[in-house]
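Q: I would like to learn how to read side-chain contacts and exposure from a set of coordinates. Please take one feature at a time.

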Amino acid sequence: VIEVECVEAQTDEFLPEPPPEQYRPQKTGVDVYTQVEDGELFDFDMEVEPILDVIVNKTLEQSVMEVEEEFEMESMHNFKTEWYRRQQAMMKDWQEQVQAE
């Protein structure tokens, strides 16, 4: 007869390892600090106003120029169309006079 014995063992749960620290190079030199008070550096609202004025004025100026150019192109087209119409009428009159002679 063979004796069989079952034995079970349970291991302890492993605790999670903390992530390795990021590499930081060794400091060289001396740290220096600068104290800056409120209002000593850059006031965005005040500093950006002249730049914004220039941008807005240039945009408005260019848009007005484009509208004027479109009006001028339309006027030239109308003049050209009218001129060709008059030329055709004059040629028709001239041909009628030549035919009459």
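Q: Which residue forms a salt bridge with Arg85, and how far apart are the closest N and O atoms?
A: The general test is a side-chain nitrogen of Lys or Arg within 4 Å of a carboxyl oxygen of Asp or Glu. In this predicted model, the partner of Arg85 is Glu82, with 2.2 Å between the closest N and O atoms.

Q: Where do Arg85 and Glu82 sit relative to each other in helix α1?
A: Arg85 and Glu82 are three residues apart in helix α1, so about one helical turn separates them.

Q: Are Arg85 and Glu82 buried or exposed?
A: Neither word fits, because partly exposed covers the range between under 20% (buried) and over 50% (exposed). Arg85 has a relative accessible area of 47% and is therefore partly exposed. Glu82, at 33%, also counts as partly exposed.

Q: How many salt bridges does the structure hold?
A: There are two. Besides the Arg85 contact with Glu82, the side chains of Lys27 and Asp31 form a salt bridge, with an N to O distance of 3.2 Å.

Q: How does accessibility class Lys27 and Asp31, as buried or exposed?
A: Lys27 counts as exposed because its relative accessibility is 67%. Asp31 has a relative accessible area of 48%, so it is partly exposed.

Q: How many aromatic pairs are there?
A: A pair needs ring centres within 6.5 Å, and planes over 60 degrees apart make it edge-to-face. By this rule there are two aromatic pairs. In one, the ring centres of Phe42 and Phe44 lie 6.2 Å apart and the planes meet at 65°, so the pair is edge-to-face. For Trp83 and Tyr84, the centres are 5.3 Å apart and the planes are at 70°, so this pair is edge-to-face as well.

Q: What is the exposure of Trp83 and Tyr84?
A: Trp83 counts as partly exposed, with 35% relative accessibility. Tyr84 is partly exposed too, its relative accessible area being 45%.

Q: Are Phe42 and Phe44 buried or exposed?
A: Both are exposed. For Phe42 the relative accessibility is 56%, which is why it counts as exposed. Along the chain, Phe42 belongs to the segment before α1, the helix spanning 44-100.

Q: Which residues make the nonpolar surface patch?
A: Val36, Leu41, Phe42 and Phe44 make it, and the patch covers about 470 Å². Phe42 and Phe44 thus appear in two readings: as members of this patch, and as an edge-to-face ring pair.

Methods: Residues numbered from 1 in each chain as written. Predicted model: local features only at pLDDT ≥ 70, side-chain atom pairs only at ≥ 80, totals over all residues. Heavy atoms only, no water. Patch = residues over 30% accessible without salt bridge, like charges linked within 9 Å, V, L, I, M, F, W, Y side chains within 5 Å. Areas by Shrake-Rupley, 256 points an atom, 1.4 Å probe, with all protein chains shown as cover. Helix = DSSP H or I, 4+ residues; strand = E, 2+ residues; numbered from the N terminus. Buried < 20%, exposed > 50% of the residue type's maximum accessible area, 1.4 Å probe, protein only. Phe/Tyr/Trp six-rings, centres within 6.5 Å; stacked < 30°, edge-to-face > 60°.
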